[in-house]
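Thanks for coming. I will go through one model today, starting with helix packing and then moving to the chain contact and a few local details.

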Amino acid sequence: MVEQILSYLPKLLPYLFVTLEYVAFSLLFGSLLAALLTSAKLSRFRILRGLAFGFTTIMRCTPSIILLFLVFYGLPPLVRGVFGIDIEHWDVVVFVSTTFTLFLGASLSELARSAFQSVDSGQSEAAACVGMNRAQALRRIIVPQVFYLMLPNMGNTLQFLIKEGSLAYMIGLIDIMGRAFIMNSTSMGAHVLEIYLALALVFWVLSLAIERGFSLLEQRLQAGYGKRGKRGTAP
Amino acid sequence: MESPVQPTSYQSPREKAILSRRSFIGMAGTAALALATGALTGCSSEASGASDTAGKKITVAFTNAGYPTAYLDDSGNPAGYEIDVLKRVEALLADYDFSYEGVDQIAVFAGLSSGKYDVGLTNSFWTPKRAETYLTPSQNIGVSVLGFLTRKEFADITTLEQAAKAKLRLAPITAGDGNYFVVEDYNSKHPDAQIELTATDDANAFTEAFGWVAEKRHDFTLVPLQYYDALVVDEDGPYHQYKDILAFSIIGATKTWSFLAKGRESFEADYSGALKQLKDDGTLAGLAKQWYGINNFEYLTDDSQNYNYL
């Protein structure tokens with residue numbers, strides 16, 4: 001049994017890159033979207049705030065599989081209608097990344113908003129007192145703390161995203177999860193347990209690595225703030 | 001002849017074995033799609049009409065884990081019986097250029113409804129609801145063979161009617177499985193020799209039934225030949241230990257269909273013509289033998305019927 005599990009590993013592993021590909025794209029564009037949304041949510045303009053919060057609510061209320069189908073089937077006709085560009089046959093990873101970008105944008109923007117608001121306003125005032133302008137205060141004082149506060153939740157989000165490949169499989173993205181489904185099919189379901197255990201093995205290692213990576217990052221950032229007295233959150 | 005009961009959707013047994021919550025959530029996806037197509041692609045019906053005349057490009061969607069009917073092979077290329085049939089069809093239709101997209105079964109149907117795909121390969125049976133929603137070619141693409149799995153003590157039973165009269169207990173069938181419809185169809189035609197039909201939401205019921213029958217919880221179940229080979233005959237098969245207890249025989253066949261998106265009428269004529277030609281010259285039978293190990297078409301005793309069983 002162990003031999004069989006190990007024999008499936010090399011067949012699954014190359015597809016891990018597909019998983020990492022959509023995760024990387026979604027994280028990159030999702031963070032950019034989140035940055036926009038967060039600044040809209042913290043802005044003085046009521047309309048911007050309304051739009052950003054409205055978008056977040058809609059995204060949170062939509063099950064990911066439905067958003068995936070909406071993007072996959074709905075986006076091409078929409079883009080064709082509005083811009084006249086045919087994206088119908090673009091690589092499926094584009095649609096998967098778009099879907100998770102929308103999701104991540106919404107959820108990360110909430111993480112960032114709450115993190116921003118938990119940084120004491122006295123810090124911005126103190127920064128202003130020593131002559132920093134708004135941009136400098138953000139870059140040097142506020143954002144590093146926000147980032148630190150967001151870290152644990154970011155780790156969770158990343159773990160969640162990596163496992164969403166099983167949904168992306170439905171519209172034809174063959175990542176490591178999808179490969180496992182297909183291998184089950186070609187073996188007529190005769191080795192389901194072995195294949196899934198091999199898959200679990202990959203995810204365990206990956207999850208441990210992510211967890212470790214985030215806790216190292218957290219320790220580093222904490223060291224930066226912690227040693228010189230807790231400058232981050234309010235005590 | 002149709003059964004009075006018309007399930008909205010079901011899969012052929014082979015696909016049903018690709019168990020999962022995916023199909024289940026997929027239904028939700030389809031529901032969303034219905035809204036999406038209404039809201040976002042209000043123009044899709046005209047668009048598909050236009051693509052029928054203008055576009056010679058044909059997008060074929062297939063289930064990517066439907067071995068051996070249609071699936072992605074180890075190097076990620078489309079393969080399987082239905083894929084091979086489509087490649088032969090393409091060779092006959094010089095005017096058309098085919099491209100292939102492997103997705104989940106539910107997404108094949110969703111994409112056919114939205115007009116994203118032209119042809120859908122799902123190893124599906126014909127149902128009235130499907131015929132309403134999609135364009136059905138006049139020629140079926142293949143045949144699914146109905147296997148009867150029981151214990152050696154009942155090995156002389158080779159028809160559903162005999163099984164009913166001997167009061168054999170049928171293992172529960174996953175709701176939505178194509179075999180469910182087969183038994184319903186049988187029951188509607190044999191009011192005096194009914195088979196008790198139990199549905200289950202257990203997606204694994206299809207393969208677990210091998211054990212249930214062997215351990216006498218139930219007396220028989222309906223499975224395709226390849227599954228018997230892979231799970232019982234094969235030495236690595238999970239039910240190989242039951243090989244001296246279980247008995248298998250083929251008791252019937254059902255036509256399987258490819259479906260086209262609405263609005264592809266002119267393509268349908270060419271496509272059905274090509275399929276008919278391939279069936280008549282024996283190409284389909286040869287491909288069936290290659291992929292299923294048997295010529296499925298032989299078991300179709302009455303070509304005018306979708307469902308054939310003894």
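H2 and H5 of chain A are oblique to each other, because their angle falls outside the parallel, antiparallel and perpendicular ranges. Before I go further: this is a predicted model. Helix H2 covers residues 16-41 of chain A and helix H5 covers residues 92-118 of chain A, and the two pack at an angle of about 40 degrees with their axes 6 Å apart. On the cut-offs, angles under 35 degrees would count as roughly parallel, and 65 to 115 as roughly perpendicular. The crossing of H2(A) past H5(A) is right-handed. By class, the residues in the contact of H2(A) with H5(A) are 16 nonpolar, 8 polar and 4 charged.

Next, the helix pair H1 and H9 of chain A. Helix H1 is residues 2-12 of chain A, helix H9 is residues 176-186 of chain A, and their axes come within 10 Å and cross at roughly 125 degrees. That angle makes H1(A) oblique to H9(A). The crossing of H1(A) and H9(A) is again a right-handed one. Which residues make the contact? From H1(A) they are A:Tyr8, A:Lys11 and A:Leu12, and from H9(A) they are A:Ile176, A:Arg179, A:Ala180 and A:Met183. Sorted by class, the contact of H1(A) with H9(A) has 5 nonpolar residues, no polar ones and 2 charged. Keep A:Arg179 in mind, since this residue of H9(A) comes back when I get to chain B.

The third pair is H6 and H7 of chain A. Helix H6 spans residues 121-129 of chain A and helix H7 spans residues 134-162 of chain A; their axes come within 10 Å and cross at roughly 140 degrees. H6(A) and H7(A) are therefore oblique to each other, and their crossing is right-handed. On the H6(A) side the contact residues are A:Gln123, A:Ser124 and A:Ala127, and these meet A:Arg134, A:Ala137, A:Ile141, A:Ile142 and A:Gln145 of H7(A). The class count for the contact of H6(A) with H7(A) is 4 nonpolar, 3 polar and 1 charged.

Now the contact between the chains. Chain A puts in 29 residues and chain B puts in 41 residues. About 3000 Å² is buried between chain A and chain B, with 68% of that area coming from carbon and sulfur atoms. Of the area that chain A buries against chain B, 26% is supplied by A:Tyr73, A:Met170 and A:Met188, more than by any other three residues.

How many salt bridges are there between chain A and chain B? The count is 2. In one salt bridge, the side chain of A:Arg179 meets that of B:Asp74, at 3.3 Å from N to O. So that I do not lose the thread, here is the wider count. Over all chains, the structure holds 18 salt bridges.

A salt bridge within chain B joins B:Arg264 and B:Asp118, with the closest N and O atoms 2.5 Å apart. These two residues lie in distant parts of the chain, 146 residues apart. B:Arg264 is in the loop between strand S11 (246-260) and helix H11 (265-280), while B:Asp118 is in the loop between helix H5 (105-114) and strand S6 (119-124) of chain B.

Last, two backbone details in chain B. The peptide bond from B:Tyr67 to B:Pro68 is cis, with omega near 0 degrees, and B:Pro68 is in the loop between strand S2 (65-66) and strand S3 (70-72). B:Asn123, in strand S6 of chain B, has a positive phi of about 55 degrees although it is not a glycine.

Note on methods: Residues are numbered from 1 along each chain as its sequence is written. Chains are lettered from A and ligands numbered from 1 in the order in which they are written. This is a predicted model: local features need pLDDT of at least 70, side-chain atom pairs count only at pLDDT 80 or more; totals for chains, interfaces and linings use all residues. Side-chain values use heavy atoms; hydrogens and water are left out. Axes are lines fitted to C-alpha atoms, for helices over the stretch in contact, and angles run from 0 to 180 degrees between N-to-C directions. Helices (H or I, at least four residues) and strands (E, at least two) are DSSP runs, numbered from the N terminus. Angles under 35 degrees count as roughly parallel, over 145 as roughly antiparallel, 65 to 115 as roughly perpendicular and the rest as oblique. A crossing is left-handed if the near helix is turned anticlockwise from the far one by less than a right angle, and right-handed if clockwise. Contact means heavy atoms within 4.5 Å. Ala, Val, Leu, Ile, Met, Phe, Trp, Tyr, Cys and Pro count as nonpolar, Asp, Glu, Lys and Arg as charged, and the others, Gly among them, as polar. Buried area is the accessible area (1.4 Å probe) that two parts lose on being put together, summed over both. A salt bridge is a side-chain nitrogen of Lys or Arg within 4 Å of a carboxyl oxygen of Asp or Glu.
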